[in-house]
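Student: Can we go through this structure together? I have a few short questions.

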Amino acid sequence: MSTAADTRTSKNGFDRFFEISARGSTLSREVRGGLATFFTMAYIVVLNPLIIGNGIDADGAQLPIAALAAGTALVAGVMTILMGVVARFPLALAAGLGVNALVAYEIAPEMTWADAMGLVVIEGVLIAILVLTGLRELVFRAVPTQLKTAIGVGIGLFLMIIGLVDAGFVNRVPDAANTTVPVELGLGGKLSTWPAAVFVIGLLFTLVLFVRKVRGAILIGILGTTVLAIIVEAIAHPKGWSLNVPKLPEKIVSTPDLSLIGHFNVLDSWSRAGWLVVLMFIFSLLITDFFDTMGTMVAVGQEGGLLDEKGMPPRTREILLVDSVAAAAGGAASVSSNTAYIESAAGVGEGARTGVANLVTGGLFLLAMFLTPLVSVVPFEAASTALVVVGFLMLTAIRQIDWTDYTIAVPAFLTVTLMPFTYSISNGIGAGVISYVLLKVATGRAREIHPILYGVAVLFVLYFLRGPLETWIL
């Protein structure tokens, strides 16, 4: 909350609206933060079309890659800007990873693409209703402060493992079925490729800049590593880049294909796939979006020092409302549910504290509709350096957890560890909530549990058991 002194430092209406000075930020920091966020999540413009485009619906149809890329950039740009203007919080949005795979490989094969995207629209509308009735915010407030801290720490480790895997520094063991070791360093236990070397050099370069408190360290690290990757690609032509091959494109501008906008149907799936199947799909989408965003906004707010004494970010309801609208918008554009991106923490690590950073990030996404070839120049190996650094920053909050009280320490431990090890924010939150309720009751401290948490714990139990339940019911 801004004070009278804060207001006096505001330079103009733009500054006062976005509370730039009141939050101790500057316009240059916001711009740097917006750039850093964009470069760490720009990969979604390339990756989401590959995931959705590889899926086949019940009629054997596939969606066009070019239209998916344009739609992905459009919705990400519009919803990120909306988050900046309405919630004034440095949280960018785009097509959610994990949810898009659920849509492409589990939901679409049971119906048409239009039906599948219609379910995403329904899910977004349901979440919006929960926000408007205050239930979603009430659930968030019911989570203990220390467990919220654990959520932020767990997401920090999740970010780190995402960065290491995306950069090829950590890989699955090729023959994991015949070993107890599921992952390994590089390939065959060693870093033997140029892309991995580029990541290591870029990460060390970024860490040096960060420790020396160089302004724009994260952004400079991304751009510097990209330049190094382009040089290495031009000279050595190595194989093994995770996604984007870092070379200058033959053309920079392309005309966006927006033919998939509005291609959804909210009714036919019920008769085609059956109402039980449809309800299970909606439940899975709802739980994932509902809690992923809560964890993400806590982590981003925690990193930027924007949480109040109860662990709540400013304008919580507005944040959650825009996020729910983004879920429906992603379905309406046929690019899957859009949700808050934890990569926004890279921008916060660069200094972003307000929605101004979102104007930058969102504007770049809108440009990406026309500049898709240029966006694909930045490889995972460059963008991942930011995720590792930000992961460290978020991990430092672990000292705020009381590790002597096992009824909070154990749930915090499960939350922190299961997020990276199961590659899911919702799984970590679910394990933390269930164990917190169980241990408090088991030790005779049930009065410390907010009544709503009992219902949340039951929902998570159903979420974790949805596989057996689907088999039994269907």
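Tutor: We will look at a surface patch and then at two loop residues. This is a predicted model, where local features need pLDDT of at least 70, side-chain atom pairs count only at pLDDT 80 or more, and totals for chains, interfaces and linings use all residues. Residues are numbered from 1 along each chain as its sequence is written, and side-chain values use heavy atoms, with hydrogens and water left out.

Student: Which residues form the nonpolar patch on the surface?

Tutor: Phe 17, Leu 82, Val 85, Val 86 and Val 325, with about 330 Å² of accessible area together. Accessible areas come from the Shrake-Rupley method with a 1.4 Å probe, and for residues only the protein chains shown count as cover. Patch residues have over 30% relative accessible area and no salt bridge (a side-chain nitrogen of Lys or Arg within 4 Å of a carboxyl oxygen of Asp or Glu). Nonpolar side chains (Val, Leu, Ile, Met, Phe, Trp, Tyr) are joined within 5 Å, like charges within 9 Å.

Student: Which helix gives the largest share of the patch?

Tutor: Helix 5 (residues 65-87), with three residues. Helices (H or I, at least four residues) and strands (E, at least two) are DSSP runs, numbered from the N terminus.

Student: New topic. Where is Ser 334?

Tutor: In the loop between helix 14 and strand 4 (338-340). Its phi is near 65°, a positive value in a residue other than glycine. Most residues other than glycine have a negative phi.

Student: Is Ser 334 buried or exposed?

Tutor: Ser 334 is buried, with a relative accessible area of 1%. Buried means under 20%, exposed over 50%, partly exposed in between (1.4 Å probe, protein chains only).

Student: And what about Arg 315?

Tutor: Arg 315 has a positive phi of about 55°, and is partly exposed at 24%.
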